Amino acid sequence: MTRVRSFAPIAVGNPTRLILGSMPGVASLRAGQYYAHRRNLFWSILGEILGFDPGLPYADRAAALAASGIALWDVLKSCARSGSLDAAIEKDSIIPNDFATFFARHPQVRRVYFNGSTAERCYRRLVLPRLPAGALAYERLPSTSPAHAALSYEDKLAAWRVVADGSGKARRLSSRARRR
């Protein structure tokens with residue numbers, strides 16, 4: 001097992017939406033860029049729904065997210081993991097990112113979208129109980145990872161379209177859901 005650390009958030013200006021992954025994979029960590037694995041669909045999907053070329057240099061893709069009012073981060077600050085799969089994360093090793101500070105700096109964020117179930121599960125368990133009750137709405141979207149091959153590109157794209165305008169079936173987490 002290797003201890004890995006996530007990146008700082010991409011959060012420029014006044015984002016109203018936040019996309020959360022779990023932890024960058026090996027390719028991303030090597031490149032120092034979110035979603036750097038060539039088969040990860042994140043940048044292709046976001047490029048299509050926001051209208052930018054997913055082949056742009058990384059800084060330009062990050063700027064396109066910011067210009068659209070979208071911040072990007074990971075739930076986990078660090079963990080021990082072998083390889084890139086979320087299933088390989090050693091649960092006892094997890095340290096979450098500081099979301100209280102993030103949301104204090106970005107109070108205009110109203111919607112949080114999870115890139116897959118691990119991000120949502122870790123957030124619910126490790127982050128949500130430490131946050132004050134608020135006006136955030138949450139929605140889990142299908143993972144853009146190549147490991148999540150159950151859905152086609154078209155199905156993932158259709159689900160991710162809610163991020164473009166902040167719409168969707170996002171839900172507020174009740175106090176009962178917060179305790180899970």
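User: Is strand β7 enclosed or open to the surroundings, and how many of its residues are buried?

Analyst: The general idea is to compare each residue's relative accessible area with a cut-off, and buried means under 20%. In this predicted model, four of the five residues of β7 are buried, so the strand is largely enclosed by the rest of the structure.

User: Where does β7 stand in its sheet, and which strands does that sheet contain?

Analyst: A sheet is read by the order of its strands and by the sense of their pairing. Here an open sheet of four strands runs in the order β3-β2-β6-β7, and the pairing is parallel. Its edge strands are β3 (70-74) and β7 (137-141), each of which pairs on one side only. From one strand to the next, the twist averages 20°.

User: How many bridges join β6 to β7, and which residues stand opposite each other?

Analyst: Strand β6 (residues 111-115) pairs with β7 in the parallel sense over five bridges. Arg111 has Ala137 of β7 as its bridge partner, and Asn115 stands opposite Leu141 in β7.

User: What is the strand order of the open sheet of three strands, and in which sense do its strands pair, parallel or antiparallel?

Analyst: This open sheet of three strands has the order β1-β4-β5, with antiparallel pairing. The edges are formed by β1 (2-5) and β5 (89-96), each pairing on one side only. The twist in this sheet averages 20° from one strand to the next. Between β1 and strand β4 (residues 76-81), the antiparallel pairing extends over four bridges. One example of a bridge is that of Arg5, whose partner in β4 is Ser78.

User: Which helix lies across β4 and β5, and at what angle does it run to β5?

Analyst: Helix α5 (residues 117-127) lies across β4 and β5, and its direction is at about 60° to β5. Burial can be read here as it was for β7. Eight of the eleven residues of α5 are buried, so this helix is largely enclosed by the rest of the structure. The buried residues are Thr118, Ala119, Glu120, Cys122, Tyr123, Arg124, Leu126 and Val127.

User: How should the packing of two helices be read, and what angle do α2 and α3 make?

Analyst: One considers the angle between the axes, their separation, the handedness of the crossing and the residues in contact. Helix α2 (residues 42-50) packs against helix α3 (residues 58-67) at an angle of about 50°, and their axes are 11 Å apart. The two helices are therefore oblique to each other, and the crossing of α2 and α3 is left-handed. Phe42, Trp43, Leu46 and Leu50 in α2 meet Tyr58, Arg61, Ala62 and Leu65 in α3. By class, the residues of this contact of α2 with α3 are seven nonpolar, no polar and one charged.

User: Why can residues three or four places apart in a helix point the same way?

Analyst: An α-helix has 3.6 residues a turn, so residues three or four places apart point the same way.

User: How does α2 pack with α6, and is that crossing left-handed or right-handed?

Analyst: The angle between α2 and helix α6 (residues 153-160) is about 55°, with their axes 10 Å apart. These helices are therefore oblique to each other, and the crossing of α2 and α6 is right-handed. From α2, the contact is made by Phe42, Ser44, Ile45, Leu46, Glu48 and Ile49, and from α6 by Tyr153, Lys156, Leu157 and Trp160. The residues of the contact of α2 with α6 divide into seven nonpolar, one polar and two charged.

User: In the loops, what is the phi of Tyr35, and where does this residue lie?

Analyst: A backbone angle is read together with the type of residue. Phi of Tyr35 is near 55°, a positive value in a residue other than glycine. Tyr35 lies in the loop between α1 (26-31) and α2. Its relative accessibility is 14%, so Tyr35 counts as buried.

User: Where does Leu131 lie, and how far is it from Ala100 in sequence and in space?

Analyst: Separation along the chain and separation in space are to be read side by side. Leu131 lies in the loop between α5 and β7. Leu131 and Ala100 are 31 residues apart in sequence, and 6.3 Å apart in space, C-alpha to C-alpha. Leu131 is buried, with a relative accessible area of 10%.

How values were computed:
Residues numbered from 1 in each chain as written. Predicted model: local features only at pLDDT ≥ 70, side-chain atom pairs only at ≥ 80, totals over all residues. Heavy atoms only, no water. Axes fitted to C-alpha atoms, helices over the stretch in contact; angles between N-to-C directions. Parallel < 35°, antiparallel > 145°, perpendicular 65-115°, else oblique. Left-handed = near helix turned anticlockwise from the far one by under 90°. Contact = heavy atoms within 4.5 Å. Nonpolar A, V, L, I, M, F, W, Y, C, P; charged D, E, K, R; others polar. Pairing = 2+ DSSP bridges. Buried < 20%, exposed > 50% of the residue type's maximum accessible area, 1.4 Å probe, protein only.
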